[in-house]
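Hi everyone, thanks for coming. I'll walk you through one structure today, and I'll try to keep it friendly for those of you who are just starting out. Let me put it up on the screen.

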Protein chains: 2
Amino acid sequence: MEDPAPRSGSSSFVWLVGASQVVGLASVVLTGVWMGHYRGGFAWDGSAQEFNLHPLCMVLGLVFLQGDGFVAVFDFHRAAKIPNMYSLHSWCGMATLILFCVQWVMGLMFFLFPVASSWLRAAYLPVHVFCGLVLLVMAIGSCLLGITEKLLFSIMPTYSAFVSEGVLANTLGILLICFGVLLSFLITREEYRRPPNPEEEALSVHFKTLTEGGSPSSP
Amino acid sequence: MEDPAPRSGSSSFVWLVGASQVVGLASVVLTGVWMGHYRGGFAWDGSAQEFNLHPLCMVLGLVFLQGDGFVAVFDFHRAAKIPNMYSLHSWCGMATLILFCVQWVMGLMFFLFPVASSWLRAAYLPVHVFCGLVLLVMAIGSCLLGITEKLLFSIMPTYSAFVSEGVLANTLGILLICFGVLLSFLITREEYRRPPNPEEEALSVHFKTLTEGGSPSSP
């Protein structure tokens with residue numbers, strides 16, 4: 001981590017990273033306000049307040065921190081005798097989680113364990129980068145579907161009257177889209193890519209060596 | 001159009017393009033079956049059958065053909081006295097349409113009219129390509145939100161019992177995601193990019209000249 005600065009475009013890079021973090025944090029805060037203020041707060045007792053942990057954990061985890069948090073909604077469904085996995089939101093969300101796990105295991109096998117040759121690593125790297133971006137977009141899409149579902153289950157009669165909860169949740173959706181666009185732009189620009197450090201150079205796990213097909217440690 | 005073949009990876013390119021078209025067409029057919037068979041067919045008289053044109057036109061137009069088709073839903077809302085633009089689906093859909101128009105006008109100004117310098121064209125091109133991909137993803141995201149809205153407005157009591165309409169519409173959503181992932185992969189891979197033809201070379205509007213900053217027609 002001795003030279004973490006991008007090669008060029010440093011000024012716009014800093015501003016875009018800053019903006020993405022502000023928008024991402026605002027999304028987390030807005031989810032917290034929606035669930036905490038409008039939907040009755042949080043609990044872990046099978047009540048509707050346990051469901052409220054689900055949107056917060058997913059936005060905080062899968063979108064903002066890329067973690068996990070699926071248990072709350074299944075536990076709430078079990079207590080309230082609501083079937084699982086029937087909605088498009090649940091299908092997209094589960095596909096995102098499963099693909100996220102596949103991506104994690106594949107990354108571990110190709111880049112951490114010494115099973116893959118330098119050639120295989122180089123061939124897999126762009127697919128791994130692409131799949132990571134697809135996962136981010138799918139996570140955000142799943143959030144938007146969850147927002148729409150929650151609003152129609154909770155406030156269908158008043159949603160069309162522009163009540164504050166509906167406007168807040170819609171705004172959250174737009175913020176999540178902005179977060180995804182900013183992150184996608186930052187990830188896909190060549191000029192924002194961090195140059196490899198000496199440690200990565202020796203292990204030949206950095207982007208430049210892999211994409212150029214060479215490896216200092218291969219015969 | 002004398003040399004439309006990509007530089008390399010022709011075999012996988014052909015298969016991926018074929019797969020994307022099959023999945024895209026299947027999405028259009030599934031939307032047609034959903035609206036035509038389950039939702040009562042099509043009409044242009046302010047009835048619910050006029051609304052049914054909206055999903056079909058949007059999937060066919062904004063996703064599969066990148067056209068337009070917003071009139072049917074506003075006309076249906078007016079006749080049925082339903083407020084416009086209150087839902088997250090409408091916000092995302094309208095944002096997509098507005099940004100699509102902005103993208104179209106910007107493209108016209110930068111690449112067709114001779115107002116932009118070669119340097120400006122080169123600077124704008126990657127942004128234009130990125131925004132095109134964002135628009136495709138936003139169009140698909142808006143479709144998924146529309147699917148969820150339509151299902152909850154129409155079959156909320158039976159959706160959780162895995163009725164066939166719900167499963168068909170969910171499958172449509174997953175197909176649209178697959179279509180988006182396939183197209184995104186095809187668009188972002190360097191090896192699938194078409195080499196410039198002589199006409200584009202002379203006009204310096206092709207990707208290679210623009211990204212390398214040179215132009216045979218600039219002083």
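Okay, let's start on the inside. The largest nonpolar core here has 61 residues. The ones with the most contacts inside that core are A:V63, A:I140, A:C143, A:L176, B:I140, B:C143 and B:L176. So you see names from chain A and from chain B in that list. Before I go on, keep in mind that this is a predicted model.

Take one of those core residues, A:C143. What does A:C143 touch, leaving out residues up to four places away in sequence? The answer is A:M58, A:V59, A:V63 and A:L176. Two of those names, A:V63 and A:L176, were on the core list as well.

Now let's step back and look at chain A as a whole. How many helices and strands does chain A have? There are nine helices and zero strands. If you read along the sequence, the pattern is just α-α-α-α-α-α-α-α-α. Chain A has 219 residues, and buried ones make up 28% of them. Here's another number for you: take the contacts in chain A with a separation of 6 or more, and 64% of them are between residues 24 or more positions apart.

How do the helices pack? In chain A, look at helix α1, residues 10-38, and helix α7, residues 164-188. Their axes come within 9 Å and cross at roughly 155 degrees. Angles over 145 count as roughly antiparallel, so that is what we call α1(A) and α7(A). The crossing of these two helices is left-handed. By class, the contact of α1(A) with α7(A) has 20 nonpolar, five polar and one charged residues.

Over in chain B, α6(B) and α7(B) pack at an angle of about 175 degrees, with their axes 9 Å apart. That makes α6(B) roughly antiparallel to α7(B). If you want to find the contact on the screen, the α6(B) side includes B:I140, B:C143 and B:I147, while the α7(B) side includes B:G173, B:L176 and B:G180. This contact has 16 nonpolar, four polar and one charged residues. And remember that B:I140, B:C143 and B:L176 were on our core list too.

While we're in α6 of chain B, let me point at B:A122, which is found in that helix. Is B:A122 buried or exposed? Buried, because 20 other C-beta atoms lie within 10 Å, and the cut-off for buried is 20 or more. The C-alpha atoms of B:A122 and B:F110 are separated by 9.5 Å, and these residues are 12 apart along the chain.

Next, the place where the two chains meet. Here 31 residues of chain B are in contact with 31 residues of chain A. On the chain B side, α5, α6 and α7 each supply at least two residues. Which helix gives the most to that side? It's α6(B), with 12 residues. By class, the side of chain B that touches chain A has 21 nonpolar, nine polar and one charged residues.

One helix pair across the chains is α5(A) with α7(B). Their axes come within 9 Å and cross at roughly 40 degrees, and they are therefore oblique to each other. The crossing is right-handed. The residues making this contact are A:L88, A:W91 and A:C92 from α5(A), and B:A169, B:N170, B:G173 and B:I174 from α7(B). They divide into five nonpolar, two polar and no charged.

Also in α5 of chain A, you'll find A:H89. A:H89 is buried, because 25 other C-beta atoms lie within 10 Å. Leaving out residues up to four places away in sequence, A:H89 touches A:S142, A:L145, A:G146, A:E149 and B:T148. So one of its contacts is in chain B.

Last stop, two loop residues. A:M85 sits in the loop between α4 and α5 of chain A. Its phi is near 60 degrees, a positive value in a residue other than glycine. A:M85 counts as partly exposed, with 14 C-beta neighbours inside 10 Å. B:K81 is in the loop between α4 and α5 of chain B. Phi of B:K81 is near 55 degrees, again positive and again not a glycine. B:K81 is exposed, with 6 other C-beta atoms within 10 Å.

That's my tour, thanks for listening!

Methods. Residues are numbered from 1 along each chain as its sequence is written. Chains are lettered from A and ligands numbered from 1 in the order in which they are written. This is a predicted model: local features need pLDDT of at least 70, side-chain atom pairs count only at pLDDT 80 or more; totals for chains, interfaces and linings use all residues. Helices (H or I, at least four residues) and strands (E, at least two) are DSSP runs, numbered from the N terminus. A residue is buried if 20 or more other C-beta atoms lie within 10 Å of its own, exposed if 12 or fewer, and partly exposed in between; C-beta atoms are placed from the backbone. Two residues are in contact if their C-beta atoms, placed from the backbone, lie within 7 Å. Ala, Val, Leu, Ile, Met, Phe, Trp, Tyr, Cys and Pro count as nonpolar, Asp, Glu, Lys and Arg as charged, and the others, Gly among them, as polar. Axes are lines fitted to C-alpha atoms, for helices over the stretch in contact, and angles run from 0 to 180 degrees between N-to-C directions. Angles under 35 degrees count as roughly parallel, over 145 as roughly antiparallel, 65 to 115 as roughly perpendicular and the rest as oblique. A crossing is left-handed if the near helix is turned anticlockwise from the far one by less than a right angle, and right-handed if clockwise. A nonpolar core is a set of buried Ala, Val, Leu, Ile, Met, Phe, Trp, Tyr and Cys residues joined through C-beta atoms within 7 Å.
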